[in-house]
Amino acid sequence: MTRPIGHRGIVARLESLGTAVRDREHEGVHHAYVFSGPSGVGKWTTAVWWAMSLKCEEATTCDDDCGSCRQITAGTHPDVAFCRPEDSGKPIKIDQIRELIRLMSLRSQRPGPRLALIDAPDGFVVDAQSAMLKFLEEPPGASIIVIVIDNPALLLPTVRSRCQIIRFGTLTKEELISLLTDAGRSAETAGQASAIARGRASKALAYDPEGLELRATLINEFEAVRGNRQADIEPLVTKLADKKNPRDEWLEMLLEWQVAKIEASAGAEVAEANPDLRNLLDGLDPAHTERLISEASKMSFTRSALARQANAKLAIRELLLDIRG
Ligand SMILES: [Zn+2]
């Protein structure tokens, strides 16, 4: 069984809970867990790994390829239910939770508990949470629910108090590098991606050579506009406002770059994350900090405005006009 990278304390605890479940010593084993923490650090991956390890037919010798592990990976295991928003960006529906609770009341078809993994990074509606209460108060037989959520404060107190909260942190740079090397990245790419990703596995993985090149292009286009009154901002407005582009990610990328510049202006070493952009970092000193922070906060506001469905073109044009100075 391939363990998730990082989160060693959590993985060890889940492994020992798994042993207790297998030995049918249900002492200490809860029926509901909340995996919380920053997005992209491996909460969902860990939840799926735990489900696989609880249901695996071969336990320690399995290479994630026994019948059970393969069914879980494919989402077709009869005892393991996944619940994610039906439309991305929309909350999980109450009917999805009702169906999940109905499934959980059935006997498991294979050895080990029934499991439900709920992926609700931004929380889920109160009605859907209420629908879980009865299950949480009187859980049927051997069944375990794992709720994966960034912030557990978004759970009703009645739900939260009936769950064991397991808090995930970000990954260390070394852990990210080993994750990226396992995924086949060169040492150079792994070094740069892990420095940019600030502890988040999903981000580090997104920065493959192509992702890094796209980032450098975008940053160069942004910097060409910055502080240049003659610059034509329209091409960049169109590019950043285009719905077909991952504009949230791109704005976040630019904001992350802006933060790196703020840090560089305060004397921090950020060249490792930006070997190809070093010329843009040269000469930054504390005299620049105030302006950089002011620009960063405008970028952050623009990002929130877009999340609120503001007119993207207008919002981005306004930002770039500000940045142009
Ligand atoms: Zn297996």
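## A walk through the model, starting at Leu 176

Select Leu 176 and show its neighbours: leaving aside residues up to four places away in sequence, Leu 176 touches Leu 171, Ser 194, Ala 197, Gly 199, Arg 200, Ala 201 and Ala 204. As you look around, keep in mind that this is a predicted model.

**The core around this starting point**

Next, widen the view to the largest nonpolar core, which has 47 residues. To find its best-connected members, select Leu 176, Phe 222, Leu 240, Leu 254, Ile 316 and Leu 320, since these touch the most other members. Now colour the helices that give two or more residues to this core: H7 (173–182), H8 (187–197), H9 (201–206), H10 (209–225), H11 (234–241), H12 (247–265), H14 (286–307) and H15 (312–324). Which element supplies the largest share? Helix H12 does, with 9 residues.

Another core lies apart from this one. It has 31 residues, and you can locate it by selecting some of them, including Val 21, Val 41, Trp 44 and Val 146.

**A stop on helix H11**

While the helices are still coloured, pick out Thr 238, which lies in helix H11. Is Thr 238 buried, partly exposed or exposed? With a relative accessible area of 39%, Thr 238 is partly exposed. Then add Ala 312 and draw a C-alpha to C-alpha distance: the two residues are 9.4 Å apart in space, although 74 residues apart in sequence.

**The two domains**

Zoom out and colour by domain. Domain 1 covers residues 8–167, and domain 2 covers residues 208–324. Taken over C-alpha atoms, the centres of domain 1 and domain 2 are separated by 38 Å.

**The zinc ion**

Now centre on the zinc ion and show the side chains around it. Which residues are its protein donors? They are Cys 56, Cys 62, Cys 66 and Cys 69, each through its SG atom, at 2.2 to 2.3 Å from the ion. The angles among the 4 donor atoms run from 104 to 114 degrees, and the site is tetrahedral. If you switch to the sequence, you will find these donor residues spaced C-x5-C-x3-C-x2-C. Try a surface view here too: both Cys 62 and Cys 69 are buried.

**The aromatic rings**

For the last stop, show the aromatic side chains. The whole structure holds 4 aromatic pairs. Begin with Tyr 33 and Trp 50: their ring centres are 5.3 Å apart and their planes meet at 85 degrees, so this pair is edge-to-face. Tyr 33 sits in strand S1 (residues 32–36) and Trp 50 in helix H2 (residues 43–55), so the pair ties together parts that are 17 residues apart in sequence. Tyr 33 is buried, at 0% relative accessibility, and Trp 50 is likewise buried at 0%.

Keep Trp 50 selected and add Phe 35. Here the ring centres are 6.5 Å apart and the planes lie at 35 degrees, so this pair is tilted. Phe 35 belongs to strand S1 and Trp 50 to helix H2, so you are again looking at a link between distant parts of the chain, 15 residues apart. Phe 35 is buried as well, with a relative accessible area of 0%.

To finish, add Phe 168 to the selection. Ring pairs link Tyr 33, Phe 35, Trp 50 and Phe 168 into a cluster.

Notes: Residues numbered from 1 in each chain as written. Predicted model: local features only at pLDDT ≥ 70, side-chain atom pairs only at ≥ 80, totals over all residues. Heavy atoms only, no water. Donors = N, O, S within 2.8 Å, 3.2 Å for Na, K, Ca; no water. Tetrahedral: all angles 85-135°; square planar, octahedral: opposite > 155°, others 65-115°. Buried < 20%, exposed > 50% of the residue type's maximum accessible area, 1.4 Å probe, protein only. Core = buried A, V, L, I, M, F, W, Y, C linked by side-chain atoms within 4.5 Å. Helix = DSSP H or I, 4+ residues; strand = E, 2+ residues; numbered from the N terminus. Contact = heavy atoms within 4.5 Å. Phe/Tyr/Trp six-rings, centres within 6.5 Å; stacked < 30°, edge-to-face > 60°. Domains from an automatic or database assignment.
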